[in-house]
Amino acid sequence: MISQRARYAFKAMVALARARPGEGLQIRQLCEQEKLPRKFLEQILLALKNAGYVTSRRGRDGGYELLKPADTIAIGPLLRAIDGPIAPLPCLSRTAYRRCEDCRDEAHCEVRIAFSKAYAQYLSALETTTLAEVMRAAVDAEGVILST
């Protein structure tokens with residue numbers, strides 16, 4: 001499961017993607033709009049800023065904005081920026097590979113074999129699905145057409 005932190009990050013990213021270009025959203029607006037706790041959101045936005053997903057401006061007209069278009073933001077890297085490695089086992093991780101301590105032989109490890117195929121499909125979907133696609137799918141499910 002993804003963490004609550006990742007859920008809040010996705011909600012914030014969707015809200016920022018819906019905002020008009022050049023008009024940032026303030027933390028207060030994000031909290032009210034998405035029902036997010038302020039202290040937690042501040043930490044999340046800092047992590048998203050450090051990962052290169054958002055930028056911020058200070059001042060009365062300041063706020064947070066996406067640095068990249070929503071159709072270029074893949075879900076997998078975004079999830080990693082918030083939660084770290086997403087593999088079910090350390091020996092399957094592409095970004096934080098580590099041999100399992102109790103493993104005698106990775107090539108014949110039943111646990112690794114059991115999860116590797118499902119993880120490969122899961123990872124492929126996360127790496128190729130964009131924030132814009134997710135937003136369009138949510139809108140299509142509602143039967144309402146909005147532009148992203």
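A salt bridge is a side-chain nitrogen of Lys or Arg within 4 Å of a carboxyl oxygen of Asp or Glu. This is a predicted model: local features need pLDDT of at least 70, side-chain atom pairs count only at pLDDT 80 or more, and totals for chains, interfaces and linings use all residues. Residues are numbered from 1 along each chain as its sequence is written, and side-chain values use heavy atoms, with hydrogens and water left out.

**Exercise 1. Salt bridges**

Find how many salt bridges the structure holds, and place the pair Arg28 and Glu32.

Step 1. The structure holds six salt bridges.
Step 2. Arg28 and Glu32 form one of them, 4.0 Å from N to O.
Step 3. Both residues lie in helix 2 (residues 27–34), where helices are DSSP runs of H or I with at least four residues, numbered from the N terminus.
Step 4. Arg28 and Glu32 are four residues apart, about one turn of the helix.
Step 5. Take Glu42 and Arg38 next: their side chains meet in a salt bridge at 3.0 Å, N to O. They are four residues apart in helix 3 (residues 38–50), so about one helical turn separates them.
Step 6. Check accessibility. Buried means under 20% relative accessible area, exposed over 50%, and partly exposed in between (1.4 Å probe, protein chains only). Glu42 is partly exposed at 32%, and Arg38 is partly exposed at 45%.

**Exercise 2. Cysteines**

Decide how many disulfides there are, and explain why Cys103 has no bond to Cys109.

Step 1. Apply the rule: a disulfide is a pair of cysteine sulfur atoms within 2.5 Å.
Step 2. The closest cysteine sulfur to that of Cys103 is in Cys109, 4.4 Å away, so it is too far for a bond.
Step 3. The count by this rule is zero disulfides.
Step 4. Cys103 is buried, at 14% relative accessible area. Cys31 is buried too, at 13%.

**Exercise 3. Helix 5 and the loop after it**

Test the length of helix 5, then describe Thr130.

Step 1. The expected span is 1.5 Å times one less than the number of residues.
Step 2. For the 19 residues of helix 5 this gives 27 Å; the end C-alpha atoms are 28 Å apart, which agrees.
Step 3. The buried residues of helix 5 are Tyr119, Leu123 and Leu126. They pack against helix 4 (75–83).
Step 4. Thr130 lies in the loop between helix 5 (110–128) and helix 6 (131–142). Thr130 is buried, at 11%.
Step 5. Beyond neighbours within four places in sequence, Thr130 is in contact (heavy atoms within 4.5 Å) with residues including Ala70, Asp71 and Ile73.

Methods: Helix = DSSP H or I, 4+ residues; strand = E, 2+ residues; numbered from the N terminus.
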